[in-house]
Amino acid sequence: MAYEKRNREEKEFTEKLIKLNRVSKAVKGGRKMSFSALMVVGDGKGRVGFGFGKANDVAEAIRKSVEKAKGNLRTIPLKKNTIPHEILGEFKSASVLLKPAAPGTGIIAGGPVRAVMEAAGIHDILSKSLGSKNTMNIVKSVFNGLDNLFDAKAVASGRGKNISELWG
C-alpha cells in the first residue's frame with residue numbers, strides 16, 4: 001500500500017536535477033567527499049518548488065533535495081502556456097528577466113531557468129540571465145520573479161472587473 005502511494009506521488013511530479021556537486025573537506029586522514037544536489041520538482045500545471053540537499057552519497061543527496069523541493073512547492077499564475085506578464089526576478093547579484101512568448105515559441109532559456117520552466121509546465125517563454133552565473137542564485141531569482149507575478153483573477157477582483165474586461 002505504501003508502495004502504491006509512493007508510485008502515484010512519483011507520477012504526479014517531475015523531478016529535474018539542476019546541479020550535482022562533489023565537495024571535499026580536508027581532514028586528518030585525507031579528504032572526506034560529500035555531495036550536494038539542487039533539484040526542481042513540478043507537476044506541469046503551475047506548481048513548482050526547488051530543494052537543496054547535502055549527503056555523503058549521491059542518491060541520499062538527491063532524495064533530500066527532492067523532499068525539500070516538495071515541501072517548498074508554490075503555485076504560479078499561468079496564462080495559457082506562458083506567464084501573464086514580463087517580470088525581473090532578483091536574488092543577490094543574480095537577476096533573471098522573464099517575458100511571455102507567443103504560442104509555439106518554446107522555452108528560450110539557459111539551463112537552470114529551463115529546468116524550472118519545464119517542471120512548472122510553462123511551454124512558451126523568453127528569458128535572459130543577468131549578473132551572476134551562480135546556479136543556486138539563478139534558481140532563487142527565477143522563483144523570486146515567479147512569486148511576484150500577478151494573478152489575473154486577483155487583479156480583476158481588486159479593480160472590480162471580470163477577467164474578460166481586463167484582458168479583452
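**A hairpin, a loop serine and an aromatic pair**

In strand β2, Gly-42 is the bridge partner of Thr-14. This pairing belongs to a predicted model, and it introduces the two strands with which this account begins. Strand β1 covers residues 14–27 and strand β2 residues 30–42; the two run antiparallel and are joined by 13 bridges. The connection from β1 to β2 is a hairpin of 2 residues.

A second site of interest is Ser-132, located in the loop that lies between β8 (125–131) and α4 (135–147). Ser-132 has a relative accessibility of 17% and therefore counts as buried, the cut-off being under 20%. A polar atom of the Ser-132 side chain lies 3.0 Å from the backbone nitrogen of Asn-134. When neighbours within four places in sequence are left aside, the contacts of Ser-132 are Ser-93, Ala-94, Asn-137 and Ile-138.

Helix α4 also takes part in the aromatic pairing. A pair of aromatic rings is described by the distance of the centres and the angle of the planes. The count for this model is 1 aromatic pair. Its members are Phe-50 and Phe-143, whose ring centres are 4.9 Å apart and whose planes meet at 50°, so the pair is tilted. Because Phe-50 lies in strand β3 (residues 47–55) and Phe-143 in helix α4, the pair ties together parts that are 93 residues apart in sequence. As for exposure to the surroundings, Phe-50 is buried at a relative accessible area of 12%, and Phe-143 is likewise buried, at 2%.

Key. Residues numbered from 1 in each chain as written. Predicted model: local features only at pLDDT ≥ 70, side-chain atom pairs only at ≥ 80, totals over all residues. Heavy atoms only, no water. Pairing = 2+ DSSP bridges. Helix = DSSP H or I, 4+ residues; strand = E, 2+ residues; numbered from the N terminus. Buried < 20%, exposed > 50% of the residue type's maximum accessible area, 1.4 Å probe, protein only. Polar contact = N/O pair within 3.5 Å; in protein donor to acceptor, adjacent residues only side chain to side chain. Contact = heavy atoms within 4.5 Å. Phe/Tyr/Trp six-rings, centres within 6.5 Å; stacked < 30°, edge-to-face > 60°.
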